[in-house]
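Good morning, colleagues. Please take a moment to look at the model before I discuss three of its regions.

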Amino acid sequence: MNKITHYFEVNRETWNQKTLVHVNSDFYNLKDFKAGKNSLNRYELEALGDVKGKSLLHLQCHFGQDTLSWSRLGAVCTGVDISDEGIKLAKNLANEMNLSAKFICSNALDIEHTVTGTFDIVFASYGVLGWLPDLKPWAQAISSKLKKGGIFYMVEFHPIAWMFDYTGDKPKMKYSYNQKEVIYEEYKGTYADVEADMISKEYCWNHSIGDVLNALVEAGLNINYLNEYEESPYNIFPNLTITDSGMFAAKAGLFPLIFEIKATKC
């Protein structure tokens, strides 16, 4: 087993454990979701608009809440995730809620071979890029799954936020903005339940916004826009304050927490 394969296997097992914790967490609030609550946020809803009848591929979908939310809005959805526990739960949720979304257990880098067909939309969101060692094959895989004129949309935590080590008592700037070397972290709990008994073992990589844009352009996508925002829908970083819009921001707005990219296949 080479190093990259080992890194992915460790991450897959961590996400299997996270799934078992997250399904019962207040963060994911599965009870309200089953009752009809949409898990999507303002950024992605405004960016993609009316998805009724459109085919949508959701990469790194965890246990499928956002995929199923798009399905509720009328999209014809396929969700992909590396975690077999996540995909198993997603399939169970789709069956329980009588939604026709399809779920496939696959590394996002392998979708050219594991996912059939092409799509009107490829979507990814919130905490996805850091699990990928190289964005060029990721972007090529996205391009291969888009119809001509199809849309890729991603909303993601800003790379500046990942320059900090959050495992100690206080956040400490430790990592490069565009760090090529793998980052390994091991800590108790998970962002959805910091008191959980599980041990998160994670291999991650930092990618600059320039690397993201260049990978997509080289894969044949036209960039429609790049936006950066100080407000995040999720209170997952230390010392954030709630804003008038009900989202979260760093004190004094020192740096953006979120960015979004929309692109079209040529």
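**Serine 83, helix α4 and a small set of strands**

Ser83 has a relative accessibility of 1% and therefore counts as buried, a term that stands for under 20% relative accessible area, with exposed meaning over 50% and partly exposed in between, using a 1.4 Å probe and protein chains only. This is a predicted model, in which local features need pLDDT of at least 70 and side-chain atom pairs count only at pLDDT 80 or more, while totals for chains, interfaces and linings use all residues. Residues are numbered from 1 along each chain as its sequence is written, and side-chain values use heavy atoms, with hydrogens and water left out.

Where does Ser83 sit? Ser83 lies in the loop between β2 (76-81) and α5 (84-96); helices (H or I, at least four residues) and strands (E, at least two) are DSSP runs, numbered from the N terminus. Apart from neighbours within four places in sequence, Ser83 contacts Arg12, Trp15, Asn16, Thr19 and Cys105, where contact means heavy atoms within 4.5 Å.

I turn now to α4. Helix α4 (residues 65-72) is largely enclosed by the rest of the structure, because seven of its eight residues are buried. Those buried residues include Asp66, Leu68 and Trp70. After α4 comes Gly74, with a positive phi near 105°.

Finally, the strands. An open sheet of three strands is ordered β11-β13-β12 with antiparallel pairing; its edge strands, β11 (231-232) and β12 (240-242), each pair on one side only. Pairing requires at least two bridges found by DSSP between two strands. Three bridges join β12 to the antiparallel β13 (residues 248-250), and Thr241 stands opposite Ala249 in β13.
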